[in-house]
Amino acid sequence: MNLTLKVWRQEGPDAAGRFETYQANDVKDEMSFLEMLDNVNEALIEDGREPITFDSDCREGICGTCGLMINGQAHGPQKGTATCQLHMRKFTDGETIVIEPWRAAAFPVQKDLMVDRSALDAIIEAGGYISADTGAPRDANEILVPKPAADTAMDAAACIGCGACVAACPNGAGQLFTSAKLAHLNLLPQGQAERWKRTEDMVETMELFFGSCTNYGECQEACPKEIPIDFIALMNRDYLKSKIKNRKLIGQG
Amino acid sequence: MTATKEPPALTPDITSRPIAERHRRSPFPVVDLYRSSVGKKWVMALTGVALMGFVFFHMVGNLKMYLGPVDFNHYAEFLRELLVPILPRTVALWLMRIGLIVAFVLHIHCAYGLTVINRKARPTKYQSPRDYVAVSWAARTMRWSGIIVGLFLLFHLADLTWGIHAVNSEFVRGEAYQNLAYSLDRWPVALLYIIGNLALGFHLYHGTWSLFQTVGSMSPRFNPRHNPIRRGFAAGFAILVAGVNISFPIMVLAGVVG
Ligand code: SF4
Ligand code: FES
């Protein structure tokens with residue numbers, strides 16, 4: 001099939017960007033979206049033109065590096081997949097596809113379709129871990145975890161940190177990502193010691209960069225891992241509690 | 001593992017620029033909460049519940065209109081006499097009014113604060129059209145429906161509480177039924193009441209659905225994902241309140257009451 005692409009081109013972080021139109025010819029159904037872009041880039045290079053910059057790594061939906069706004073939808077029209085898992089069979093011959101980078105204050109465009117997502121790392125650095133400062137790890141089966149908690153924590157842990165939730169949100173909010181990272185640890189026994197500090201720190205770091213939640217639900221539709229907004233509800237509750245519990249922990253509550 | 005005085009500092013690896021300032025934590029959790037967007041959402045939700053209670057009882061009380069002038073005016077008088085003789089006349093009414101005013105002010109102030117945050121969080125809009133999947137029309141228009149309800153409220157107060165002459169020239173203090181019937185008999189006014197209440201209905205629909213999420217009642221622990229009861233309750237509540245309220249101008253115009 002032959003497609004017309006309207007792609008956002010921007011030389012650098014401070015340059016003004018614009019859409020440019022390219023032809024993608026002989027696109028096969030079974031190609032992934034990124035392979036299709038690779039082909040376009042090869043043609044551009046052969047022509048001596050600058051290829052389109054975009055991020056990708058694993059190309060199997062597990063690393064969270066890829067991410068494009070395709071026809072106004074984060075990661076494109078297919079539910080529950082990252083851009084790299086989107087196949088060209090989702091498109092029809094002759095179609096025009098518009099490709100834009102994620103847009104948010106926290107995700108400044110670096111070049112073309114590549115954005116800086118280090119704001120998500122800031123949230124992780126604020127508490128998205130469990131401290132194990134000494135000794136050997138305990139045997140995994142020594143710590144009992146109730147099955148529902150393990151399952152729900154696993155659902156949350158599926159987040160690959162791609163930032164599609166922020167991109168899809170009309171408010172540029174980072175709640176889905178943050179709440180998934182919080183729930184992943186806060187639901188497990190190993191996460192309890194730092195639960196309230198983690199919640200307070202991660203939420204407040206999130207608020208340095210991102211917008212607020214208006215419960216639109218666009219994030220869970222865009223999320224390649226189908227993280228539900230239920231986790232945001234849990235985060236809202238834990239944040240309120242953290243304000244009280246953290247004081248109790250130092251004997252001030 | 002105890003609380004620190006401020007959120008952790010950003011490391012040099014973090015190259016995205018913050019849109020808000022890092023604050024030292026206040027000794028009073030309420031201050032921190034009111035500063036944070038998650039906390040502001042709590043305020044929106046809790047004041048929202050108070051305001052929902054108000055519109056519900058306002059609607060129920062107004063149903064007395066169908067019983068005629070005696071019952072309606074009696075009810076209006078009852079509100080002034082509430083808790084007499086424990087409290088002097090109209091004191092209980094004023095306490096409720098003050099509570100409502102506080103709830104309104106906080107609700108609007110938080111909505112404003114959150115809107116400002118959200119504008120900052122996406123300074124450059126998408127340059128191509130977005131294709132929204134989930135968001136409902138009611139949700140997307142919350143700010144507008146909120147503003148319309150607010151303006152309508154001012155008109156409604158001028159019309160039937162303060163009895164400003166330019167708005168309601170036949171206003172007589174204490175004659176609640178007659179004032180209402182006169183007002184709604186003018187079709188442009190009736191139309192305003194219908195528009196105001198339609199906006200209220202949409203606002204209530206998303207607000208009611210949303211508040212459960214904000215106060216965390218849909219946590220994965222009880223995981224009723226996309227809870228149909230919550231949707232149903234939100235829709236039912238919005239339709240009930242707006243529907244009954246809209247019936248008043250229609251019935252007055254149709255000559256059924258008044
Ligand atoms: S919650 Fe989903 S959309 Fe957001 S960063 Fe994680 S995987 Fe991506
Ligand atoms: S490239 Fe790794 S998730 Fe798409």
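Start by selecting Ser179(A): with a relative accessibility of 1%, this serine counts as buried. Keep in mind as you go that what you have open is a predicted model.

**Stop 1: around Ser179(A)**

Ser179(A) belongs to helix H5 of chain A, which covers residues 175-186. Show side chains around the serine and look for Phe231(A), Ile232(A) and Met235(A); Ser179(A) touches these three once residues up to four places away in sequence are set aside. Colour helix H8 of chain A, residues 230-249, as you will want it at the next stop.

**Stop 2: helix H3 of chain A**

Now select residues 147-157 of chain A, which make up helix H3. Which of its residues are buried? Pick out Ala149(A), Thr152(A), Ala153(A) and Ala156(A). These four sit on the same side of H3(A), because the arc they cover around the axis is only 100 degrees. Among the elements covering them are H5 and H8 of chain A, and H5 is the helix that holds Ser179(A). Turn the view to the face of H3(A) that points away from the buried side, and you will find Lys147(A) and Met154(A), both exposed.

**Stop 3: a loop residue, Asp93(A)**

For a change of scene, select Asp93(A), in the loop that joins strand E4 (73-74) to strand E5 (96-100) of chain A. Is this aspartate buried or exposed? It counts as exposed, because its relative accessibility is 57% and the cut-off for exposed is over 50%. Asp93(A) still has partners from elsewhere in the sequence: with neighbours within four places left aside, Asp93(A) is in contact with Met1(A) and Asn2(A). Draw a C-alpha to C-alpha distance to Leu3(A) as well; the two residues are 90 apart in sequence and 6.2 Å apart in space.

**Stop 4: chain A as a whole**

Zoom out and show chain A as a cartoon, with its 8 helices and 7 strands. The C-alpha trace spans about 70 × 40 × 35 Å along the principal axes of chain A. There are 253 residues in chain A, and 57% of them count as buried. Among contacts with a separation of 6 or more in chain A, 68% come from residues 24 or more positions apart. Switch on the surface: chain A exposes about 10000 Å², with 49% of that supplied by carbon and sulfur atoms. If you colour by charge, look for 25 positive and 37 negative side chains in chain A; the centres of these two sets lie 8 Å apart.

**Stop 5: over to chain B**

Hide chain A and bring up chain B, whose secondary structure comes to 9 helices and 0 strands. Its C-alpha trace spans about 70 × 50 × 40 Å along the principal axes. Of the 258 residues in chain B, 42% count as buried. Residues 24 or more positions apart supply 64% of the contacts in chain B with a separation of 6 or more. The accessible surface of chain B is about 14300 Å², and carbon and sulfur atoms account for 71% of it. Chain B carries 25 positive and 12 negative charges, and their mean positions are 14 Å apart.

**Stop 6: helix H3 of chain B**

Select residues 69-81 of chain B to see helix H3, which has 13 residues. From first C-alpha to last, H3(B) reaches 18 Å, close to the 18 Å expected at 1.5 Å a residue. Its buried residues include Phe72(B), Asn73(B), Tyr75(B) and Ala76(B). They lie on the same side of H3(B), because they cover an arc of only 150 degrees around the axis. What do the buried residues of H3(B) pack against? Colour helix H2 (37-62) and helix H7 (176-184) of chain B to see their partners. On the face turned away from the buried side of H3(B), find the exposed residues Val70(B) and His74(B). Then step just past H3(B) to Leu83(B), which takes a positive phi of about 65 degrees.

**Last stop: Ser183(B)**

Finish in H7 of chain B, where you can select Ser183(B). This serine is buried, with a relative accessible area of 0%. Leaving aside neighbours within four places in sequence, show what Ser183(B) contacts: Asp159(B), Leu160(B), Asn168(B), Val189(B) and Tyr193(B). For a final distance, try Ala242(B), which is 59 residues from Ser183(B) along the chain; their C-alpha atoms are separated by 19 Å.

How values were computed: Residues numbered from 1 in each chain as written. Chains lettered and ligands numbered in written order. Predicted model: local features only at pLDDT ≥ 70, side-chain atom pairs only at ≥ 80, totals over all residues. Heavy atoms only, no water. Helix = DSSP H or I, 4+ residues; strand = E, 2+ residues; numbered from the N terminus. Buried < 20%, exposed > 50% of the residue type's maximum accessible area, 1.4 Å probe, protein only. Contact = heavy atoms within 4.5 Å. Areas by Shrake-Rupley, 256 points an atom, 1.4 Å probe, with all protein chains shown as cover. Lys, Arg positive; Asp, Glu negative; His and termini not counted. Charge placed at Lys NZ, Arg CZ, Asp CG, Glu CD. Expected span 1.5 Å × (residues − 1). Arc of directions from axis to C-beta.
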